[in-house]
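Colleague: Could you take me through this model step by step, as you would for someone in a first year of study?

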Amino acid sequence: MTVTLELKPEIEERVKQKAAERGLTVEAFIETVIDADVNRQSNKSSQEIATVDEWKRAFLEWVHTERPAHPPLSDEAISRESIYREREDAQL
């Protein structure tokens, strides 16, 4: 089957980059992506077959690999006094 795709320039560049990273032609890369998606949808999802231990392991792996894009809030920023300061000032 022959399919013609009109891709946005930024998507086209990302596809070319990903294909080059894997040492594939653009056509071969797109075919592998489509094949993987079709196979994934035809099989049961991992959410349906994962055990409790697998869920725990995946969650802990995610917790230890994901990092927030911003620094955490200070203790002052989340203290009860700072949260209700304006309300208390209005009552005085």
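**Surface, salt bridge and pocket**

Modeller: This is a predicted model, and a nonpolar surface patch of about 550 Å² is formed in it by Met1, Val3, Leu5, Leu7 and Ile11.

Colleague: Is Leu7 buried, partly exposed or exposed?

Modeller: Leu7 belongs to the segment that comes before helix H1 (9-21). Its relative accessibility is 36%, and since partly exposed covers the range between under 20% for buried and over 50% for exposed, Leu7 counts as partly exposed.

Colleague: Which side chains meet in a salt bridge?

Modeller: The structure holds one salt bridge, and side chains of opposite charge can pair when their charged atoms come close. The two residues are four apart in helix H1, which means that about one helical turn separates them. One partner is partly exposed at 38% relative accessibility, and the other is partly exposed at 33%. With an N to O distance of 3.2 Å, the side chains that meet are those of Lys16 and Glu12.

Colleague: Which element gives the largest share of the lining of the largest pocket?

Modeller: The largest pocket holds about 330 Å³ of space, and its lining includes Leu7, Glu12, Lys16 and Ile30. Two or more lining residues come from each of H1 and helix H2 (26-42). The largest share is five residues, and the element that gives them is H2.

Colleague: How many residues in the lining of the largest pocket are charged?

Modeller: Among the lining residues are Glu27 and Glu31, and Glu counts as charged. By class, the lining has seven nonpolar residues and no polar ones, while the number of charged residues is four.

Definitions and conventions: Residues numbered from 1 in each chain as written. Predicted model: local features only at pLDDT ≥ 70, side-chain atom pairs only at ≥ 80, totals over all residues. Heavy atoms only, no water. Patch = residues over 30% accessible without salt bridge, like charges linked within 9 Å, V, L, I, M, F, W, Y side chains within 5 Å. Areas by Shrake-Rupley, 256 points an atom, 1.4 Å probe, with all protein chains shown as cover. Salt bridge = Lys/Arg side-chain N within 4 Å of Asp/Glu carboxyl O. Buried < 20%, exposed > 50% of the residue type's maximum accessible area, 1.4 Å probe, protein only. 1 Å grid on protein atoms, 1.4 Å probe; cavity = no way out; pocket = protein on both sides within 12 Å on 5 of 7 lines; lining within 4 Å. Points joined across faces, edges and corners; volume = space filled by probe spheres on them.
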